Structure formats: C-alpha cells, structure tokens
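Dear colleague,

I am passing on the structure we spoke about, and you will find the sequence and the coordinates just below. Please look at them first, and then read the notes that follow, which go through one topic at a time.

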Amino acid sequence: MTAAQPARDPLLGAWATLGEPRLTVELARSGVGWVGLDAQHGHFDDHALRTTLGLRPSESAPMLVRVASNDPALIGRALDAGADGVIVPLVDSVADAEKAVAASHYPPSGTRSWGPLPGSRAVHSPGSDGGTHPVPLCAVMIETAAALDAVDELAAVPGVDMIFVGPFDLSLALGLHVDDLLAAPAAEAPLARITRACTDAGITAGAYAGTPERAALLAAAGFEWIAASTDAALVSLGVGEMRRRMLSGAPGQSTQDALSAGNASS
C-alpha cells in the first residue's frame, strides 16, 4: 500500500445496488473497505458489471460480486470481468458450497475456465487461486434454516473463504424480526453459531447490514467484513452531513436563510 492509498477497514463496506458504473467506481475510491456489487437484487446486469469492473483503478477498494444464483457461468463471468471474489446466494448444503468453490477456482482446485475479458484486469490466474486469500475469493451465503443447520459443515468446505449472512432472508426463514436476530445474545443464537463456525474453520465471517447501526451490532457479534450501507443510502447520509455542516457554520440561520444570504452576496 502506498502512502497515497487510504487504509481500508472491511467493517466499512458498501453495497452497490444502483448499477451505475462511474458512481460505483467513485464509491470504491472514497475510502470504503470494500464494495459489493449486487447482481441478484440490484441493477447490475452483465453490461453494468463489465463496465464497472473495467473502469476500476488499481488502487480502488476490493470489489465482490453477489451473483444472481449458484451458477458456474455467472460466477466465472463475474471473475473474468475482474471481480476480486463472488458472494454466492442460497447455499444450503455442502454440495452447494462445493459447486460454488469449483466454479470460482481454476483446475486443479476447481473447474473454472481460463478466459479473462479483454480490457478487464485479471485478478486471479491459474495457480494463484488455490491458497488463502486476503480478499475472499468465494463467499457463500447463509440465508435459510437449512444453511444455518449446516453452518459448521459449510464453513469447513475447502475453498470457502467467507460465510456471508443475509440477515433479512435468514430472519424471514427463522420467523424472526431482523432486529431480534441481530440482538440475540445467547451462545446458541444464529449469529453466534455462524461466527463460531467461521472461527473454528479459520475463515472470514461477513454480513450485509445496510445501516451503520446494524453494522455496529454485527461487528460486536464478531463479523469481519460488513456491508455497512448502500450506495443509495450513502447519498442521503451525505446530504444529511452537508446540511449539518452548513447549519453548524451559520448559527441561528435556517439552511434556506443561509443559502439566500449567499445568493444575495454573489
């Protein structure tokens, strides 16, 4: 890391949903720890993924793609386009996890075909994808009761670098409100079981939060890679910070009064 590059905290990840390549690249350069590009429930189709990953500068934050399904073609395509890793949804069994791992790795570790897209930066090459990865190459999602029941076995699958929790789907599957899921303190509570399984297997625990407040709860529960906000929500947070700073600079004035005063003097 050079002196010009910001320190990146993976607890401060951002989840990109809007499918806007240039906005996403600027987000990746803003100092966030990592960026998740959502091709399952976001606006990232194949074209948006390829454009975004093709535009990213070498010093940007890591980019992981949540693919639409556990499909080898989609996983390989995202990695060929230059993703640092993939987050694979709806992994319920060891067989599902092994399928995701195989699609993420070149032979002999897996079945991924070699063929980086022209103009994209190849992140992994044959032989470089068989060891441990500082940026998770293959993350599998825990979103169902079946996956939670199998979490120890899923975490132990060779080549799984991260268990990634989708708390909204998991809470729906368990019949809980998401905030009750996040607040459960018992050692056998779902989130504690997941982080313990990751610790025992020596892999990373990750999760989607969506808000800084939920991110703080997930960090306290032992998660290490967290999507703390979305691109759309960060726009609103930025406007709120702009308003706060303008008001703190003009005591006693409303925002409109401050703006009117500025316009009158120009």
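Please keep in mind throughout that this is a predicted model. I begin with one pair of neighbouring strands: strand E5, residues 138-142, and strand E6, residues 162-165, run parallel and are joined by 4 bridges. Within this pairing, Met141 stands opposite Phe164 in E6. On the sheet here packs helix H4, residues 94-104, which touches E5 as well as strand E4 (85-88), and whose direction makes about 155° with that of E5.

These strands belong to a wider arrangement, a closed barrel of 8 strands with parallel pairing, which runs E1-E2-E3-E4-E5-E6-E7-E8. From one strand to the next, the twist averages 30°.

If you follow the chain into the barrel, you will find that E1 and E2 pair in the parallel sense over 3 bridges, with Ala16 standing opposite Leu37 in E2. To get from E1 to E2 the chain crosses through H1, and this β-α-β crossover is right-handed. Between E2 and E3, which run parallel as well, there are 4 bridges, and here Asp38 stands opposite Arg66 in E3. The chain crosses from E2 to E3 through H2, in a β-α-β crossover that is right-handed. Strand E2 is covered on both of its faces, since Val35 and Leu37 on one side and Gly36 and Asp38 on the other are all buried.

Helix H1, residues 21-28, lies across three strands, namely E1 (13-16), E2 (35-38) and E3 (63-66), and runs at about 160° to E2. Which residues of H1 are buried? They are Pro21, Thr24, Val25, Leu27 and Ala28. Because these residues cover an arc of only 155° around the axis, they sit on the same side of H1. The elements that cover the buried residues of H1 include the strands E1, E2 and E3, together with helix H2 (46-55) and helix H11 (231-249).

The aromatic residues deserve a separate look, as the structure holds 7 aromatic pairs. In one of them, the rings of Trp15 and Tyr208 have their centres 5.6 Å apart and their planes at 70°, and as planes over 60 degrees apart count as edge-to-face, this pair is edge-to-face. The pair links distant parts of the chain, given that Trp15 lies in strand E1 and Tyr208 in strand E7 (residues 204-208), 193 residues apart. Trp15 and Tyr208 are both buried. They also belong to a cluster, in which ring pairs link Trp15, Trp34, Phe164, Phe168, Tyr208 and Trp225; Phe164 is the residue already mentioned opposite Met141.

Finally, I would point you to Arg112, which has its place in the loop between H4 and E5. Is this arginine, Arg112, buried or exposed? Its relative accessible area is 6%, and because buried means under 20%, Arg112 counts as buried. Leaving aside its neighbours within four places in sequence, Arg112 is in contact with several residues, among them Ala102, Ala103 and Ser104, and H4 spans residues 94-104. Its other contacts include Gly76, Leu79, Asp80, His105, Tyr106, Pro107 and His124.

With best wishes

Notes
Residues are numbered from 1 along each chain as its sequence is written. This is a predicted model: local features need pLDDT of at least 70, side-chain atom pairs count only at pLDDT 80 or more; totals for chains, interfaces and linings use all residues. Side-chain values use heavy atoms; hydrogens and water are left out. Two strands pair if DSSP finds at least two bridges between them. Helices (H or I, at least four residues) and strands (E, at least two) are DSSP runs, numbered from the N terminus. Axes are lines fitted to C-alpha atoms, for helices over the stretch in contact, and angles run from 0 to 180 degrees between N-to-C directions. Contact means heavy atoms within 4.5 Å. Buried means under 20% relative accessible area, exposed over 50%, partly exposed in between (1.4 Å probe, protein chains only). The arc is that of the directions from the helix axis to the C-beta atoms. Rings of Phe, Tyr and Trp (its six-membered ring) pair if their centres lie within 6.5 Å; planes under 30 degrees apart count as stacked, over 60 as edge-to-face and the rest as tilted. A crossover is right-handed if, with the strands pointing away from the viewer, the path from the first strand over the helix to the second runs clockwise.
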